[in-house]
Number of protein chains: 2
Amino acid sequence: MPFTAVRFTDRFWAPRQRVNRERTIPHIDRQNTVTGRIDAFRRDWNPSPEVTRRDGRWNGTVVMFWDSDVAKWIEAAAYSLATTPDPALDARLDAIIALIAERQAPDGYMNTWFLTVDPEMRWANLRDWHELYDAGHLIEAAVAHYEATGKRSLLDVMCRYADYIGATFGRGPGQKRGYCGHPEIELALVRLARATGEQRYHDLARYFVDERGQQPHYFDQEAIARGQPPAQFWARSYEYNQAHLPVREQTEAVGHSVRAVYLYSAMADFAASEGDQQLRDACATIWRHLTTKRMYVMGGIGTSAKNEGFTSDYDLPNESAYAETCAAIGLVFWAQRMLRLGLDRRYTDILELALYNAVLSGVSHDGESFFYDNPLASAGTHHRSEWFACPCCPPNLARIIASLGDYVYAQNEHEAVVHLYAQGSGQFRFGEQDVTLHQQTDYPWDGRVTVRVETGAPASFALRLRVPAWSGAPELLLNGSPVNAPAEGGYLQIDREWIDGDEVVLALPMPVERLYARPDVTPDLGLVALRRGPLIYCVEQADQSVPVERIVLPASAELASEFRADVLDGLVVVTGTALAPTGAGWADDELYRTAPPELRPCPITAIPYYAWDNRAPGKMRVWLPTTGS
Amino acid sequence: MPFTAVRFTDRFWAPRQRVNRERTIPHIDRQNTVTGRIDAFRRDWNPSPEVTRRDGRWNGTVVMFWDSDVAKWIEAAAYSLATTPDPALDARLDAIIALIAERQAPDGYMNTWFLTVDPEMRWANLRDWHELYDAGHLIEAAVAHYEATGKRSLLDVMCRYADYIGATFGRGPGQKRGYCGHPEIELALVRLARATGEQRYHDLARYFVDERGQQPHYFDQEAIARGQPPAQFWARSYEYNQAHLPVREQTEAVGHSVRAVYLYSAMADFAASEGDQQLRDACATIWRHLTTKRMYVMGGIGTSAKNEGFTSDYDLPNESAYAETCAAIGLVFWAQRMLRLGLDRRYTDILELALYNAVLSGVSHDGESFFYDNPLASAGTHHRSEWFACPCCPPNLARIIASLGDYVYAQNEHEAVVHLYAQGSGQFRFGEQDVTLHQQTDYPWDGRVTVRVETGAPASFALRLRVPAWSGAPELLLNGSPVNAPAEGGYLQIDREWIDGDEVVLALPMPVERLYARPDVTPDLGLVALRRGPLIYCVEQADQSVPVERIVLPASAELASEFRADVLDGLVVVTGTALAPTGAGWADDELYRTAPPELRPCPITAIPYYAWDNRAPGKMRVWLPTTGS
């Protein structure tokens, strides 16, 4: 049973998975249906001209990505079935999969747009048209569906499609030397290879990774073939597609941020699975660059709406932050794969940071509206939407929340790894012995974690427990007694023969901390952010007695935390006394004067960043002015 | 001899008037010439289709305003002739005036666009097409030319035009009940009435002021006549034109900021000349609103580029400030007219503030490039231009600098008023006695002013000397001895019989002061600005050892001032030791951490705001973060 099937029983993730299952997944299915995305898979799909060609390119481009929207929903629904059986959902999946199977062309090809609307343009613009990206998401859906249900219905369809893609692309005679402008197929094929045991999918994925950015440049050649001068590429540089250089020569996170992290995920897959040192180095170098020069404090990445991606080092404006939800999700994907190269909490800490903050902010408390971009400050006008012209984020959220267990636990031959802390049980197998690890914790509200071992017979394995960098020195108890455990890469290791009922307690200190950005980050100069455990906090107008923009948090202000059951079904708030300039003492006609405004103490309440914009619409800030030191 | 003819002999204004005369006025004449603006006045003007109709409306609209560009230049050149005879310039003026005279239609009409390009649309769109605005500027030019040279050549042409306008517009049978979308004709006609002694121009101006905003709305009616639904007005509201209400019912500064202050100037003219209490109240109310809720600290007005004007109370962003040079100039015009309602330094202080800062910043040190908008912060990309598609600001700067004396001195029957301090002599006349007041001062670098009386015979009059609100308690000496003088409206009054050689010394303390904005001004929260005397200061990158955006100026930092002869031909800088966060102590891969950046002392040098962007291009800020209290 894969870890994606872990069912959580805590008061943090369990309600989120329930909302995801009961609200978000049905909501997306409804949206996919009413917008025509399901009908697009019918053999008799007859899209209206408005849908396919309205004002030329833009709507057409969106419709070109429709397959991926449905595919990500199938993937999310499949994960949900694995944790919570649901015959109606199972049947719904079967029905949609039947449409896809029926629709597949005899040669294996499967793309609603190019089968119906633009058949003559099949594979004509890999750079812009997301054809292989669509295929990748369908393949991920097939793998998830197969693993969750054991059914091969979609898997077989997608194996045929993957085989057709394998015949079409490659370095052999008559094959196209292409690859997709939006990476996705690469990591999908790796998953397909793993699920089916078929090396050819692995090889095809490796071809796509290796071919990227080679000269002569495929995107140039296909543009010329379309009669379009390559220099007229609308995004100007293939950095946008991370195709400016062969992947092993890339050193910086550039371009469209979702494309970037999907590609880096596949690079990490190969660095892990083949011991490819060049890819490993490239991944490590780009990771370091991204996370130390271009990442927001809450794990969001991609500064600019213009390219939906990266700009320049330390360019991290708050109110205009793009920080697309999908990019944070992709960062989680990538971090998970980096961990397969060797346990190192640097990756897990950022996986956790992105997941609990920049990802989770993407979905509303009720599960039916979504942020596409996740700014770190708002004047009060930024709100979640029920749907988007390009609705990539909602189903991406649905699939990551539904498969959370896969980020919590991992195992290899001799190790049971606990990456994240969340109450729920993971099933491991060492040799012939099934072992269940039961986590009991109120994380992220409290740092105390109890791991109880359930095993039919004594089992030898190393329990690896991550100590987040933010936690300081934790306390560790084994069966009630303090124990010293060696740490490597930030993971404690308790290697022993475990018997049923063994219990490990890890108590992670979880103080409220102030964070400062390096001075190169101009927008954060003089500002402070608040963190408690894995959560980044923000102040939202709904909780304050003064306008958010007036709050100054002195370095000396004491901060406390408190569980508030009345706020959004319960969360830990951070409270303290800040200062705010008051207009008292200013004459009505004083606009400027030589005496500064009086600063008056004001109580402030900060909530986790992920939870903002779920109550009265209002202003929000992550970074607050501070004084003193 | 009007005060416009005062010639300054100091080291502040004298060089600026010289540069204006030797560089700016010739530069604008060249630009007017090469862009075809002079040719447009020729009877055989045959504009190319690109000039008059290129891409429809926009370029056409600009060309519609061409007459005003030349008119403002004529006005500036005329003032210059008054202070500094120049036969070549005199002849150049004669030549251009001859073109205008020749071009005038037999009925008196005179507008190059509507005479040549669009004759059938004469008076068809007063709201948008600036026809009466153009007329107003030509009338102002005529008055200035007449007063400077005694020649009636342009005055007579413009009287004929004004008479034609008077026949066309009004409440009589067959007359149009219109007025201009861009106020200007009103204040121009007041000047014409004063110069010619003709009441009918005064009455026509009063008609335009009074008719504005009346119902049924003229702009609606003329739009309907053109076949355009009034609701489709591109600016959406007649607030843009200050025509949303009759002027006596207006209480707030709204819409396009230049239009606003030109209108308010005319309103003040009538409030003064006719003792119209409703107009007086409206002026006072709008003045108070504008200067206490919508004015930048350096006297700039008009927040937004979108409407070139006002937005909402306290909406005063710094980097995106529009603060058009022409609007600040218009604020000076208005303030001058408010002073005619009674001496009150509230008006003069803002006149001075705008003049020395938001106006003067509009022109480069070399006199040949200009700011249209005057932001209070720059990331380093805001620079002056040699010319603009709509070059309203350069000749407006030229005319105000050339006529400076008119803002320094004023007189009435019994009073000699010194509004501003600048070394140069004003000619007064009390009864039959000519009196010259000689100012000797290094203002604005130093607050000590000596006023020496030159008179052929003893003369009784009240000398009124303004004590700016920023100056605190000044010292006053009469012939070397301390003297108490009553103050009213911030003007000291020494009423006596003056004899030749009498000398008054006014010593205004001129410390460096910190200014704070009221907390409603969100962009300035936690920030401080520096003022010394009438000058607002800024920090420009060229003078700093750390990036401008890192500078924090503690409340405790001592600030000094120093004359620096090496900077832009000499100016007083403000110096002090600020703090700046340093990247020292940050590991290369530390992006966020729990320890704040170390603040290190750094020397800073601030220069007067008007002087920025005259050296190495770079970042600039007026408002600096501050700490402590």
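**View 1. The interface where 42 residues of chain B meet 42 residues of chain A.** This is a predicted model, so keep that in mind for every close-up here. Put chain B and chain A together and about 3,300 Å² gets buried between them, with 60% of it on carbon and sulfur atoms. On the chain B side, the residues that lose the most area to chain A are Y516(B), L591(B) and Y592(B), which together make up 23% of what that side buries. If area seems an odd way to talk about an interface, the size of one is often given as the accessible area lost when the parts come together.

**View 2. Polar links and salt bridges between chain B and chain A.** Seven salt bridges turn up across this interface. One to zoom in on pairs D588(B) with R288(A), whose closest N and O atoms sit 3.6 Å apart. Polar contacts between chain B and chain A come to 15 residue pairs, both partners being at pLDDT 80 or more. Which elements of chain B give two or more residues to the side that touches chain A? They are helix 13 (277-293), strand 13 (512-517) and strand 19 (592-593). Strand 13 of chain B gives the most, with five residues.

**View 3. How chain B maps onto chain A.** Rotate chain B by 180 degrees, with 0.0 Å of shift along the axis, and it superposes on chain A with an RMSD of 0.0 Å. The two copies are therefore related as by a two-fold rotation axis. Looking for the axis in chain B? T627(B) has the C-alpha nearest to it, 3.1 Å away. Both copies use the same surface, as 100% of the contact residues of chain B recur in chain A.

**View 4. A salt bridge inside chain A, R248(A) to D276(A).** The closest N and O atoms of this pair are 2.7 Å apart. R248(A) lies in the loop between helix 11 (218-225) and helix 12 (257-274) of chain A, while D276(A) lies in the loop between helix 12 and helix 13 (277-293), so the pair ties together parts that are 28 residues apart in sequence. Over all chains, a search of the whole structure finds 94 salt bridges.

**View 5. Helix 1 of chain A and its kink.** Helix 1 covers residues 13-34 of chain A, 22 residues in total. From its first C-alpha to its last it reaches 30 Å, close to the 32 Å expected at 1.5 Å a residue. Where is the kink in helix 1 of chain A centred? On N20(A), with a bend of about 40 degrees. After helix 1 of chain A comes G36(A), with a positive phi near 90 degrees.

Notes:
Residues numbered from 1 in each chain as written. Chains lettered and ligands numbered in written order. Predicted model: local features only at pLDDT ≥ 70, side-chain atom pairs only at ≥ 80, totals over all residues. Heavy atoms only, no water. Least-squares fit on C-alpha atoms with pLDDT ≥ 70 in both. Contact = heavy atoms within 4.5 Å. Helix = DSSP H or I, 4+ residues; strand = E, 2+ residues; numbered from the N terminus. Expected span 1.5 Å × (residues − 1). Bend = angle between axes of the 7 residues up to and from the residue. Buried area = accessible area lost by both parts, 1.4 Å probe. Salt bridge = Lys/Arg side-chain N within 4 Å of Asp/Glu carboxyl O. Polar contact = N/O pair within 3.5 Å; in protein donor to acceptor, adjacent residues only side chain to side chain.
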